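Trainee: I would like to go through this model with you, one question at a time. Shall we look at it together?

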Amino acid sequence: MTQSYQQCTRCIMDTTVPGIRFDSQGSCNFCAVHDHMEQDFPLGEAGQLKVQELANDIKSLGKNNKYDCVLGVSGGRDSSFTLWYCVVKLGLRPLAVHFNDGFGNPVAGENMTKACRKLGVEMRTITSDWRESKDLKIAFLKASVPDMEEGTDVGIATALYGVAAKEGIQRIIIGQSFRTEGIAPLSWNYLDGKYLKAVHKQFGTVPLRPWKADDPGFNLGIKEMFYYAFIRRIKTVTLLYHVDYVRADVDKLLEKELDWVNPGAHYFDDLYQSVIYYLNRTKFNIDRRLFNYSALVRSGQMPREVALERVSHVNKIEDEKVINLCIKRLGLTREEFEQIVAAPPKTFRDYPNNYALIRQLRWPIKVLSRLNLIPESAYDKYFNCGT
């Protein structure tokens with residue numbers, strides 16, 4: 001039976017989102033997740049105490065190292081602010097790590113370089129094997145799934161874990177905030193190393209290099225996560241969960257402190273996002289701004305009316321020149337690209353994956369996410385954010 005169209009009365013999530021549910025007041029399950037997370041990760045004095053507790057833990061563990069944490073940077077707003085906050089406000093000694101898959105926005109690249117220079121932070125760029133990276137992007141296009149950034153998402157995670165393992169660092173800080181980004185619906189952005197390998201096996205042509213602890217490549221399955229979390233005792237810290245982070249104020253701060261320049265749109269530190277947003281809209285009827293703007297609406301950082309007006313227009317991130325550049329960089333003609341994406345839409349469920357096993361591990365995952373042995377949003381992502 002087809003579900004009739006409905007939109008959340010509180011945010012802007014609607015029935016284009018698989019697995020969305022509404023309560024008697026018309027509020028959706030993504031709002032409920034947000035409210036639970038607000039309780040679990042309060043701001044104000046409690047948040048400040050938690051941030052100081054996390055900082056003390058990081059300093060204690062890293063006191064004998066050159067760096068006390070690994071911090072992922074992209075040149076975008078979130079990671080740039082997180083870097084500034086860690087150095088200036090908390091006095092941490094991060095090693096900034098950037099994953100380069102060949103599609104970085106030059107503006108974001110300049111932002112990273114300037115920020116690290118001004119803050120006296122070393123930046124280490126982990127450049128993927130271009131043959132592997134390109135092959136994975138084409139494979140996921142051929143797989144006909146919306147989460148076509150899987151290779152980059154896994155690559156970012158393995159870059160951070162690999163550097164942490166190599167340097168003997170036990171804390172990774174990521175610039176993510178549920179209050180400003182939200183959590184992507186499961187079938188729009190499913191992260192799973194087994195899924196990546198399955199798609200690559202079916203559609204890839206370039207062998208992926210094997211896993212090594214300090215050079216993981218594109219390998220991040222359950223075994224690898226177990227190694228990093230339990231053998232190396234590496235934890236991820238989502239610092240912005242505890243910080244009163246208001247985007248409009250942050251832009252001004254970053255411009256003043258770091259000479260930061262807005263790359264043009266949220267997520268546009270990665271040029272390939274032009275392709276993703278274009279195909280999500282035209283092929284899958286997906287607008288990823290729904291969960292981003294909804295988070296801002298719930299947090300009081302964007303009026304609901306403004307969010308609704310913005311999603312009534314095509315996202316400016318869909319730049320035809322950038323889309324053509326990305327297609328060319330993949331070594332495809334526009335005709336070849338259109339032929340590939342003409343295949344019927346699918347989701348991660350159409351390929352081998354670990355989701356059934358993950359469902360069986362529901363309570364251990366909840367415990368691990370609360371202990372920061374895996375990202376804090378992992379439990380909600382797999383169990384409370386759609387189907």
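**Strands, a helix and the spaces between**

Mentor: Gladly, and let us start with one bridge: L71 has A96 of β2 as its bridge partner. Please keep in mind that this is a predicted model.

Trainee: Thanks! In which sense do β1 and β2 pair?

Mentor: Strand β1 covers residues 69-72. Its pairing with β2 runs over four bridges, and the sense is parallel.

Trainee: Which helix joins β1 and β2 in a β-α-β unit?

Mentor: The unit made with these two strands is right-handed. Its helix spans residues 77-89, and that is α3.

Trainee: Now β2 and β3: how many bridges do they share?

Mentor: Here is one pair to look at: V97 has R124 of β3 as its bridge partner. A right-handed β-α-β unit also takes in β2, helix α4 (residues 106-119) and β3. The pairing of β2 and β3 is parallel, and the number of bridges is five.

Trainee: Why is β2 described as largely enclosed by the rest of the structure?

Mentor: Buried here means under 20% relative accessible area. Strand β2 runs over residues 94-100, and it counts as largely enclosed because the buried residues number six of the seven.

Trainee: Let us turn to α11. How many of its residues are buried?

Mentor: Helix α11 covers residues 289-298. Among the buried residues are R289, N292 and R298, along with F291 and Y293. The helix is largely enclosed by the rest of the structure, because the buried count is ten of the ten.

Trainee: What covers the buried residues of α11?

Mentor: After the helix comes G300, with a positive phi near 75°. As for the cover on the buried residues, it includes α1 (29-40), α9 (247-258), α10 (273-284) and α12 (304-311).

Trainee: On to empty space. How many cavities of 30 Å³ or more are there, and what is the volume of the largest cavity?

Mentor: Rolling a probe the size of a water molecule over the atoms shows where empty space is left. The count of cavities of 30 Å³ or more is four. For the largest cavity, the volume is about 90 Å³.

Trainee: Which element gives the most to the lining of the largest cavity?

Mentor: The lining includes F30, V33, H34 and M37, as well as F291, S294 and R298. By class it holds eight nonpolar, three polar and one charged. Both α1 and α11 supply at least two residues. With four residues, the element that gives the most is α1.

Trainee: And for the second largest cavity, which element supplies the largest share of the lining?

Mentor: About 60 Å³ of space lies in this cavity. Its lining residues include S133, K137, E149 and F218. Two or more residues come from each of α5 (130-143) and α6. The largest share is four residues, and its source is α5.

Trainee: Last one, the second largest pocket: which element gives the most to its lining?

Mentor: This pocket holds about 190 Å³ of space and has 17 lining residues. I126, A159, D214, D215 and P216 lie nearest its centre, and the lining divides into six nonpolar, six polar and five charged residues. At least two residues come from each of β3 (123-127) and α6 (150-167). The element that gives the most, with six residues, is α6.

Methods: Residues numbered from 1 in each chain as written. Predicted model: local features only at pLDDT ≥ 70, side-chain atom pairs only at ≥ 80, totals over all residues. Heavy atoms only, no water. 1 Å grid on protein atoms, 1.4 Å probe; cavity = no way out; pocket = protein on both sides within 12 Å on 5 of 7 lines; lining within 4 Å. Points joined across faces, edges and corners; volume = space filled by probe spheres on them. Nonpolar A, V, L, I, M, F, W, Y, C, P; charged D, E, K, R; others polar. Buried < 20%, exposed > 50% of the residue type's maximum accessible area, 1.4 Å probe, protein only. Pairing = 2+ DSSP bridges. Right-handed = clockwise from strand over helix to strand, strands pointing away. Contact = heavy atoms within 4.5 Å.
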